[in-house]
Amino acid sequence: MSNEFLPYGRQAIDDDDIEAVTRVLRSDFLTTGPAVQEFEQAVASIAGTEHAVALANGTAALHGAMHALDLEPGDEVIVPSLTFAATANAVLFERARPAFADVDPGSLLIDPASAEERISEKTRAIIAVDYAGQPCDYDALQDLCEDHELTLVADACHSIGASYRGRPVGSLAELSCFSFHPVKHITTGEGGMVVTDDESHAERIRRFRNHGLNLDHQQRNENQTYRYDMVTLGYNYRLSDIHCALGVSQLRKLKGWIEKRQEIAGWYGEALAKLTGIEPLTTHAGASHAYHIFVVRIDSETTGVHRDEVYDALRQRSIGSNVHYIPTHLHPYYQEKLGTGPGDCPVAEAAYDEILTLPLFPRMTEGDVSRVVRALDEVTA
Ligand SMILES: *Cc1c(COP(=O)(O)O)cnc(C)c1O
């Protein structure tokens with residue numbers, strides 16, 4: 001049996017990727033060149049949207065989406081607590097306030113009923129997080145947004161390539177955000193994207209990623225002028241051609257990788273069915289699951305061990321695992337700044353005590369899955 005360290009996630013880079021990057025390095029444009037548009041068009045095409053805007057990372061994409069909403073101080077945006085801190089941080093960047101909604105106990109996706117309870121006169125938007133790679137209940141969220149005149153935004157950093165009732169992730173909300181960090185489905189090293197059908201949103205985010213300037217250097221060149229105006233406060237959130245060339249090359253492999261991830265999740269499901277007290281999250285019919293991560297809940301009463309002991313025991317057996325996530329409302333910053341605390345989102349808090357992310361990446365074998373499940377069996381026996 002192999003004793004090599006098995007990480008919980010790992011990127012796959014092949015010779016095509018390396019060639020694509022070196023081609024850019026030998027070309028005239030390292031940034032704001034043709035590879036950016038090529039990558040944007042390729043992502044828009046799989047997301048089924050009119051527009052895509054590449055940004056420096058997934059967090060910048062979320063920041064850009066919040067900027068597009070033109071939020072004012074005091075405005076509120078509903079965010080599920082069980083997500084990466086960046087989802088809620090993006091709301092604070094634009095001087096608005098995140099309101100934390102609880103999650104569904106089976107899927108750990110935002111609970112539309114809890115989101116509805118958090119709506120106030122100041123609420124402007126809901127950010128749906130497709131936790132683990134499974135699309136949220138978008139029909140329910142869309143109804144909620146229509147009834148209360150809110151904008152639906154998707155943090156789809158886990159779910160590129162998935163679909164909901166036949167519609168691709170990216171086309172399910174007014175603005176959707178992707179990340180291309182190496183643990184995600186496809187990587188550009190660092191990178192992100194916002195997709196939307198709304199041209200004014202796309203224009204606003206393009207300006208925002210380039211210091212708030214009305215013309216980038218390509219457009220000035222075309223217009224044969226040095227002149228540009230800074231019309232809003234923006235950032236340098238551009239993604240370089242080097243990154244985008246890698247993205248285009250990686251994207252070609254996305255479909256095959258998702259199929260492989262679904263196959264691995266199937267192996268886990270079968271093997272885990274023989275263990276008691278370790279349950280995968282529930283999946284709902286009508287959605288395809290991109291399996292960014294494979295999360296189980298470990299019931300300490302049934303298994304006799306707490307999740308933390310399982311995490312340590314897997315480490316001792318050279319198996320990496322992780323916990324996604326510490327509920328955002330429990331982070332010290334949020335407790336101090338917004339006065340959030342234990343009891344605000346009881347379902348997310350109970351889940352946090354039990355969840356463990358098992359290794360899952362396209363190059364894993366059925367033998368790797370057996371090794372993980374055998375280790376879980378030993379630890380919990
Ligand atoms: C990865 C991730 C982000 C942030 O993306 P970066 O590219 O790391 O900035 C935001 N939200 C979720 C749910 C993520 O998984």
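**Figure 1. Composition of the shell around the ligand in the predicted model.** By class, the residues of this shell comprise four nonpolar, eight polar and two charged members. The ligand is surrounded by 14 residues, of which Gly58, Thr59, His158, Ser179 and Lys184 come nearest. Helix H3, spanning residues 58-68, supplies three residues, the largest share of the shell.

**Figure 2. Polar contacts between the ligand and Gly58, Thr59 and Ser179.** At Gly58, the partner is a backbone N or O atom, located 2.8 Å from an oxygen atom of the ligand. At Thr59, an N or O atom in the side chain is 2.6 Å from a ligand oxygen atom. Ser179 also contributes through its side chain, with a polar atom 2.7 Å from an oxygen atom of the ligand. The protein buries 92% of the 380 Å² that the ligand exposes when taken alone.

**Figure 3. The pocket occupied by the ligand.** The space that the ligand takes up is the second largest pocket. Among the residues that come nearest to the ligand are His158 and Lys184.

**Figure 4. The protein chain as the setting for the close-up views.** The secondary structure of the chain consists of 15 helices and 13 strands. Along the principal axes, its C-alpha atoms fill a box of roughly 75 × 55 × 40 Å. The radius of gyration of the protein chain is 21 Å, which agrees with a compact globule, because a globule of 381 residues would have a value near 21 Å.

Key:
Residues numbered from 1 in each chain as written. Predicted model: local features only at pLDDT ≥ 70, side-chain atom pairs only at ≥ 80, totals over all residues. Heavy atoms only, no water. Near = heavy atom within 4 Å. Polar contact = N/O pair within 3.5 Å; in protein donor to acceptor, adjacent residues only side chain to side chain. Areas by Shrake-Rupley, 256 points an atom, 1.4 Å probe, with all protein chains shown as cover. 1 Å grid on protein atoms, 1.4 Å probe; cavity = no way out; pocket = protein on both sides within 12 Å on 5 of 7 lines; lining within 4 Å. Sits in = over half its atoms within 2 Å of the grid points. Helix = DSSP H or I, 4+ residues; strand = E, 2+ residues; numbered from the N terminus. Nonpolar A, V, L, I, M, F, W, Y, C, P; charged D, E, K, R; others polar. Rg over C-alpha atoms; globule rule 2.2 N^0.38 Å.
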